[in-house]
Every structure is written in structure tokens, then in C-alpha cells.
Number of protein chains: 2
Amino acid sequence: MVDTADFPLIGAPALRAREAARVLRTLPTAAKDAALLAMADALGERAAEVLAANAADVAAATAAGTPAAMVDRLRLDEARLAGVADALRALVALPDPVGDVVRGSTLPNGLTLRQVRVPLGVVGMVYEARPNVTVDAAGLCVKSGNAALLRGSASAHGTNTALVAVLGEAGEKAGLPAGSIALLSADRASVAELLRARGLVDVVIPRGGASLIQRVVTEARVPVIETGVGNCHVYVDASADAAMAEAVVLNSKTHRVSVCNSAETLLVHRDVAFLPRLLTALTDAGVTLHGDAAARAAVPGVLPATDEDWATEYLAMDMAVRVVDDLDQALEHIRTWGSGHSEAVVADSARAIADFTAGVDAAAVLVNASTRFTDGGEFGFGAEIGISTQKLHARGPLGLPELTSTTYVVTGAGHVRS
Amino acid sequence: MVDTADFPLIGAPALRAREAARVLRTLPTAAKDAALLAMADALGERAAEVLAANAADVAAATAAGTPAAMVDRLRLDEARLAGVADALRALVALPDPVGDVVRGSTLPNGLTLRQVRVPLGVVGMVYEARPNVTVDAAGLCVKSGNAALLRGSASAHGTNTALVAVLGEAGEKAGLPAGSIALLSADRASVAELLRARGLVDVVIPRGGASLIQRVVTEARVPVIETGVGNCHVYVDASADAAMAEAVVLNSKTHRVSVCNSAETLLVHRDVAFLPRLLTALTDAGVTLHGDAAARAAVPGVLPATDEDWATEYLAMDMAVRVVDDLDQALEHIRTWGSGHSEAVVADSARAIADFTAGVDAAAVLVNASTRFTDGGEFGFGAEIGISTQKLHARGPLGLPELTSTTYVVTGAGHVRS
């Protein structure tokens with residue numbers, strides 16, 4: 001029994017979400033898909049309202065001296081808004097995980113056993129500036145039969161308020177229960193309430209930087225799915241092809257530096273003769289290198305690396321470089337400093353590939369491929385709500401099945417245990 | 001980076017367990033099975049040593065005035081010890097989940113994607129008196145490639161020390177890495193250390209009563225799988241057959257009262273004419289009933305039920321009884337008071353069965369079958385480490401696959417994102 005007086009900021013929407021979740025869990029796929037299409041259409045019809053709210057957020061952020069890159073992440077325009085609406089429409093084509101029979105059998109005593117996917121219930125999301133997450137999360141929750149409690153950043157609160165008004169009204173008109181999608185107060189205390197809302201919230205998914213994840217993990221009394229911290233490595237083995245190594249390393253580092261699946265540290269076997277060429281390719285691409293003695297000896301202009309470089313998720317055009325004696329030393333480095341997100345190997349030796357794959361404990365191991373491929377869209381999941389770096393429940397990109405639990409349904413004819 | 005100085009009681013065994021886990025994760029099934037057989041044989045060969053340690057624990061518990069039922073749970077004899085050894089041998093026949101490909105595909109760009117089961121790593125278990133859990137947990141962890149940190153109760157510490165010495169030495173001799181199975185200090189503070197050992201422990205599984213589970217959930221900074229609190233209901237619908245209802249209710253309540261899948265509350269539709277007969281069958285079997293006004297009016301000798309009765313997991317020959325107006329009221333009662341473990345319906349109406357199944361959010365729904373069937377052995381999983389009542393990761397009986405995580409292995413030929 002939960003006393004909502006303990007939750008002044010989130011108690012009321014959380015109770016409504018619980019009621020909504022009871023209905024959502026039994027809605028047929030067609031009803032959820034119709035709601036998603038209505039929500040997408042409404043974003044088009046009421047674009048002016050959303051963009052006006054966003055312009056106010058952007059103006060306030062600019063006036064407050066927010067860095068340009070962060071203001072850009074906050075900004076919506078017609079094209080971006082159409083993009084998020086299309087993402088909602090794309091969810092319609094994805095299979096509904098609810099009702100899937102994961103496992104089934106008839107037991108020797110005649111009982112039938114089915115393990116059936118059911119929604120989690122009420123999903124809390126805590127995330128940072130980008131307002132597209134509001135729409136993505138709401139859509140994924142609707143499709144998977146969950147109610148969504150959304151806690152976006154204060155800087156995007158006006159935009160998020162407009163988005164949730166549009167999505168909620170359109171969804172409700174199309175048949176979703178009231179309270180299915182709620183935006184929580186931007187008051188700092190609402191996060192703390194959400195994190196201890198046992199009995200009100202079934203899971204909280206933080207999506208943001210290391211400090212947010214750390215806060216959530218420390219404070220949470222509710223189940224959490226950690227996402228998004230990626231201190232990713234590329235290991236170039238002695239058997240690697242020079243051109244392939246250069247392509248994979250450059251893509252892993254520079255394709256999009258601000259995301260969790262970009263590479264932060266390069267580990268190179270000491271027998272790799274093309275080390276100078278590889279490092280020069282990185283500096284030519286504008287990457288600042290932070291290296292150990294061997295890396296600094298290979299090319300000029302490499303800054304000295306400290307333990308802090310091995311630990312840092314730069315999310316910028318910086319990369320740490322270490323020359324290792326062998327594959328075991330590379331594995332030891334990854335064990336010590338990695339965050340269990342994505343680890344890549346470039347190698348031609350089947351043995352090296354097998355040893356690397358067996359030795360790395362991470363959400364994804366990429367063999368002769370860029371770390372940037374660890375992504376729900378790239379994996380063919382159609383959509384993702386984040387990339388989990390924890391081992392329980394879900395590891396790697398979180399798609400629709402990862403937003404469900406299961407129930408065992410056991411059917412007998414008066415069966416009793418003897 | 002973990003500073004083991006913060007973990008004076010568990011730091012050393014936890015570090016050894018982490019080292020062991022690196023080896024365990026790559027051990028072939030045959031090696032793990034050989035170790036399990038050696039461990040089972042050693043329990044037979046060194047039975048005298050284990051039983052002597054157990055006799056000392058039993059004598060100390062008896063001298064301390066421990067209730068007879070608890071002393072009995074603590075006691076081992078040759079037959080019980082042979083039983084737990086056989087349980088280890090039975091694990092050999094079960095499929096090894098490690099290496100299973102859960103999902104696999106070739107992506108449009110030619111990348112191959114495989115989601116492969118891997119061990120969790122280091123599994124912490126916190127449990128109460130029964131020493132058989134020590135052997136079961138060690139065996140399940142070995143088979144699933146995990147290192148085990150076992151924290152049993154102080155009253156069984158002598159027995160557990162002997163068991164872990166036997167299992168560890170036999171396992172190591174058969175090829176398991178040192179430190180694979182460790183018993184933690186029985187000092188109360190070792191639980192607190194285990195619960196905040198982020199970076200040392202991958203999951204903690206508490207197995208015990210509500211107060212243990214509550215402590216774990218409140219204190220834990222590491223991922224937890226909650227197990228074992230079962231406030232289970234049987235709902236008898238208006239369409240139920242009288243004899244079937246009587247059999248299922250009696251078995252759910254009285255087959256074994258001290259376990260989490262026994263029933264605690266009976267909900268009966270007001271149109272059930274055989275209510276007096278059903279309640280009389282329960283009292284005849286020795287069950288003390290705690291009922292609402294309608295139940296008390298049906299037969300003599302029913303004590304008045306309060307909210308506390310609806311909330312209580314008696315684990316005894318007591319049962320709460322409520323007469324409900326309809327199935328919705330039964331569902332509402334279960335939502336309010338249930339613990340999400342096992343909920344049974346006895347009904348002949350397909351509609352009532354479907355509505356109950358859709359309306360209950362629990363680990364297991366039992367249709368015309370006893371709640372006692374929610375059990376890894378009964379489900380054909382061969383072994384279980386507990387019954388999860390949480391929605392994330394695993395819900396219901398925890399078998400070998402539930403002691404694993406997954407890694408996505410993505411293999412390309414120099415693939416980069418464009």
C-alpha cells in the first residue's frame with residue numbers, strides 16, 4: 001500500500017498511470033497502433049503550438065548562456081518534428097511483443113505451461129535536453145502497453161509540456177486510457193520521488209550522462225535499467241589489415257562523437273607496423289590523441305595520457321591511445337577501464353577474434369566493424385529507448401520486447417500436487 | 001575501480017570470485033559437469049565431516065532455544081545430504097545455457113548479429129537457515145558459469161563452512177578456478193557490504209522472508225533479484241465445480257504451509273452455493289479461517305478478518321476468506337493485497353478464466369490448478385535458485401537461463417557506418 005502523500009510531485013500522475021496501465025495491458029495491437037497514428041498526425045496538425053513552445057525554451061536557454069551544442073540539441077524545427085512523428089508511424093510496423101508466448105509446454109502431469117509477455121506496467125523515464133526522447137519514449141511505451149511517466153529536463157519543459165499535451169489528447173481521443181502519458185514536474189525533487197516510488201513505478205530508465213546514471217543507481221529504490229555510458233575501445237590486433245583498421249577506428253571515433261557508442265580509447269598491438277599511419281589518419285581527421293610512451297614515440301603531437309584518459313568518456317574529438325604487448329593486455333585494459341558497452345576488435349586471426357570475443361564482458365562485441373553499430377535501429381529492432389549497460393533484464397539496445405515482463409499461465413483441470 | 005578497503009569482510013573473496021568468474025565464463029560444459037559430479041561424490045565421501053559440523057550447529061541452536069521447526073530446517077542427516085548430492089548430479093543432465101544463441105540474423109548490410117548467453121559473473125546469495133541452499137546455489141552457479149558468494153545464516157555457519165570446504169576443494173581438484181565458491185563471513189555487516197559492492201558483485205539474490213527481502217531492496221546498490229514473498233490467492237468463480245474448487249483450495253493451502261507458493265487468502269464469488277461445504281472442508285483439515293461478514297455467516301467458528309489478514313503471508317494453517325460480488329472485486333482485492341507471486345482461479349467459464357488471466361499481474365496465474373505448482377521442478381526447469389516476484393530480468397522460478405546475461409556479437413568485414 002502506497003501513501004501518495006509521500007509523493008507530492010508525482011503521486012497523482014503516478015496513480016493515474018497505474019490505472020491507465022491496467023487498461024493498456026489488455027489493449028489489442030490494433031488499438032495501440034491507431035493511437036500511435038493519431039499521435040503522429042496530431043504532431044503535424046499542432047506543430048505550430050509545439051514549435052512556439054520550443055522557441056521559448058530555446059530563447060531562454062540562449063539567454064542563460066547555454067552552450068550552442070546544447071541549445072542545438074534542444075531545438076526543434078518542422079523537419080525534426082516531422083521526423084519524430086515518422087518515428088511514431090514506424091512503430092506501427094513493428095511486432096507487438098505483448099502476448100508473445102516465450103516458452104510453452106505440456107507437462108508430464110497434463111498441465112499446460114505458457115510463459116507470456118506482458119507489459120511492465122508504469123515506466124518512468126528520466127532524460128536530458130533532447131525533446132525527441134519525449135515522443136520516442138511515449139510511442140515505445142504505448143506500443144508495448146506501458147504507461148509512461150516522463151521526467152525531461154527543466155530547459156525543455158515548455159516543449160515537453162506542449163508535446164505531451166498533443167500526444168496525450170490525441171492518444172486519448174483514439175482510445176488510450178487517460179493518464180497513459182504524463183509529463184512530471186521539472187522540479188528537481190520529482191526525480192528523487194520517482195526513484196523511491198516503489199509500488200507506483202515498475203521501472204525507471206535514466207537516459208543521460210554518467211552523473212545522471214550515477215545518481216539514479218545510488219538513490220533508486222525502484223528497479224532501474226542503466227543506459228548510455230560508453231567508454232568504448234577498439235583493439236587493433238597484430239593480424240589486422242591496415243586499411244580495415246584505419247576505416248573502423250576512424251568511423252568508431254569520428255562518425256558522431258557525442259554518442260555513447262563512439263570509441264574513446266584505441267589499443268594497438270605492439271607488432272602493428274602501421275601504427276604511425278593509423279595515428280596520423282586520426283590527427284588528420286582532427287582528433288586530439290592522448291597516448292602512452294609508445295604512441296607518443298610513433299608520431300609527433302600526441303599528448304601524454306594519464307589514468308584519467310583511460311577512464312574518460314570524452315564524447316569529443318579526443319582519443320586515448322595505448323600500445324599493448326598482446327591481446328591479454330588489451331583485455332585487461334578493457335576490464336579495468338571499460339563500461340561494458342561496446343568493444344571492437346580489428347583482426348584477421350580467427351584465434352585472436354575468438355579470444356577477444358570470449359574475453360570481453362560487454363553489451364556488444366564488434367568484430368571488424370565500427371562500435372557505432374551498437375544501436376537498436378542498426379540491429380534491426382526498429383526503435384530503441386536506450387542502450388543498457390547492465391547485465392540484468394536487458395543488455396544492449398532496448399527495443400519493444402525489453403519493455404515487457406512475462407507471466408507464467410498454468411492451466412489444469414483441477415490439478416493438485418501430491 | 002573498486003577499493004577493497006571499503007569491503008573488509010567480503011573484499012578478498014569477492015576479488016578472488018571475479019578472477020574465477022573470468023575463467024568460469026569460458027569453461028566448456030563438460031568441465032563444469034565433471035566438477036559437479038566430483039562435488040557430489042565428495043559430499044558422500046566427506047559426509048561425516050559435514051554431519052559433525054551440522055550436529056554442532058543443531059546443538060547450539062537447540063541450546064539457544066530455537067523453535068523446533070527451525071532446528072529441523074537446519075538439521076542434515078545422511079539421507080538429506082545424499083539428496084542434495086543427487087541434486088548436484090541432476091544438474092549435469094540439464095542443458096548449459098552459456099553460449100546459447102538467443103537471437104541471430106544477418107543484417108541488410110551483411111553484418112551478422114548474434115545475441116549469445118553469457119554468465120552473469122559473480123552472484124551473491126543471501127539466505128536463511130537451510131544448508132541445502134548452500135549446495136543448490138553453488139551447483140547452479142557452477143553449471144551456469146558464475147562464481148558464487150554465499151552468505152548463509154549465522155546459525156548454519158559451521159555446516160556451511162564444512163559444505164563449502166568440501167565443494168570448493170572437490171571442484172578445484174576437478175578443474176574449477178580457485179575462488180569459484182566462497183562462503184562469506186556470518187558477521188551481520190557482511191550483508192551490508194555485499195549489498196553495496198558495485199563493481200565486485202553482478203547480482204545479489206536474497207532468499208528468505210519478507211524482512212530480509214525488504215532490507216535487501218532498501219540497502220542494495222547492486223542489482224537484485226527479489227524472491228520468495230508470496231501472498232497468494234485462490235479465487236473461486238460462480239462457474240466453479242464444487243469438487244474441483246475444494247481440491248484446489250485445500251491443496252493450495254494445506255499441502256505445505258511454510259512455502260511461498262502456498263495460498264493465504266480465499267476469494268469466493270457470492271453466487272457460489274457450496275461456500276459452507278468449502279469452508280467446512282478447510283476447517284476439517286485443521287485450517288483456522290479469518291473471514292469477512294459473509295464468510296462468518298456461512299459457517300461457525302470463522303474469526304473476523306481485518307486488513308492485516310488480507311496483507312499477511314501466514315505461512316501457517318491459517319487462511320483469510322472474503323466473499324466478493326464479482327470477478328472484478330476479486331481482481332481489485334488481488335491488486336491491493338497480492339505480492340505478485342501466484343494467483344489461482346477455479347472456474348468453468350472461459351470468459352471468467354480469460355478475464356482473470358488478463359486482469360492479474362503476477363509471476364504465475366494458475367487456472368484450475370493449485371498454487372503449489374509454481375515451482376522450477378514442477379515447471380520442468382530441473383532446478384531453481386528461488387522464485388522471483390519482480391518484473392525485471394526474471395519472473396517466476398529462476399532456473400539456469402535466468403542466471404545468465406547476453407552479449408551481442410556483431411561480425412563484419414571492415415563495416416563502418418555512413
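Student: Which residue does Lys391(A) form a salt bridge with?
Tutor: Lys391(A) pairs with Asp202(B), and the closest N and O atoms are 3.1 Å apart. Keep in mind that this is a predicted model.

Student: Why does that pair join two chains?
Tutor: Look at where the partners sit. Lys391(A) is in the loop between strand E14 (387-388) and strand E15 (396-397) of chain A, while Asp202(B) is in the loop between helix H8 (189-195) and strand E6 (203-207) of chain B, so the salt bridge runs from one chain to the other.

Student: Are those two buried or exposed?
Tutor: Both Lys391(A) and Asp202(B) are buried.

Student: What lets side chains pair up like that in general?
Tutor: Opposite charges can pair when the charged atoms come close.

Student: How many salt bridges are there over all chains?
Tutor: The structure holds 48. Some are linked in a network, made of Arg18(A), Arg25(A), Asp202(A), Asp361(B), Lys391(B) and Arg395(B).

Student: What about Arg46(B), which residue is its salt-bridge partner?
Tutor: Glu49(B), with the closest N and O atoms 2.8 Å apart. Arg46(B) is partly exposed, at a relative accessible area of 22%. Glu49(B) is partly exposed too, at 37%.

Student: And which residue does Asp325(B) meet in a salt bridge?
Tutor: Arg270(B), at 3.6 Å from N to O. This pair links distant parts of the chain, 55 residues apart. Asp325(B) is in the loop between strand E11 (318-324) and helix H14 (327-337) of chain B. Arg270(B) is in the loop between strand E8 (263-269) and helix H11 (275-284) of chain B.

Student: Why does Arg270(B) count as exposed?
Tutor: Exposed means over 50% relative accessible area, and Arg270(B) has 54%, so Arg270(B) passes the cut-off. Asp325(B) has 38%, and is partly exposed.

Student: New topic, sheets. What is the order of the ten strands in the open sheet?
Tutor: The order is E1(A)-E2(A)-E16(A)-E13(B)-E12(B)-E7(B)-E8(B)-E11(B)-E9(B)-E10(B), with mixed pairing.

Student: Which strands stand at the edges?
Tutor: Strand E1 (101-106) of chain A and strand E10 (303-304) of chain B. Each has a single partner strand, so one side of each has no neighbour in the sheet.

Student: In which sense do E2 and E16 of chain A pair, parallel or antiparallel?
Tutor: Antiparallel, over eight bridges between residues 112-119 and residues 404-415. Within that pairing, Arg117(A) stands opposite Thr406(A) in E16(A).

Student: Which strands does helix H10 of chain B lie across?
Tutor: H10(B), residues 242-254, lies across E16 of chain A and E7, E8, E11, E12 and E13 of chain B. The helix runs at about 170° to E7(B). H11(B) lies across E7, E8, E9 and E11 of chain B, at about 165° to E8(B).

Student: Now the whole thing. What turn lays chain B on chain A?
Tutor: A turn of 180°, with a shift of 0.0 Å along the axis and an RMSD of 0.1 Å. That is the relation of a two-fold axis.

Student: Which residue of chain B comes closest to the rotation axis?
Tutor: His393(B), with its C-alpha at 1.7 Å.

Student: Why do we say the copies meet through the same surface?
Tutor: Because 100% of the interface residues of chain B are also interface residues in chain A.

Student: Last one. What domains does chain A have in the assignment?
Tutor: Domain 1 covers 4-225 + 398-411, and domain 2 covers 232-378. Their C-alpha centres lie 35 Å apart.

Note on methods. Residues numbered from 1 in each chain as written. Chains lettered and ligands numbered in written order. Predicted model: local features only at pLDDT ≥ 70, side-chain atom pairs only at ≥ 80, totals over all residues. Heavy atoms only, no water. Salt bridge = Lys/Arg side-chain N within 4 Å of Asp/Glu carboxyl O. Helix = DSSP H or I, 4+ residues; strand = E, 2+ residues; numbered from the N terminus. Buried < 20%, exposed > 50% of the residue type's maximum accessible area, 1.4 Å probe, protein only. Domains from an automatic or database assignment. Pairing = 2+ DSSP bridges. Contact = heavy atoms within 4.5 Å. Axes fitted to C-alpha atoms, helices over the stretch in contact; angles between N-to-C directions. Least-squares fit on C-alpha atoms with pLDDT ≥ 70 in both.
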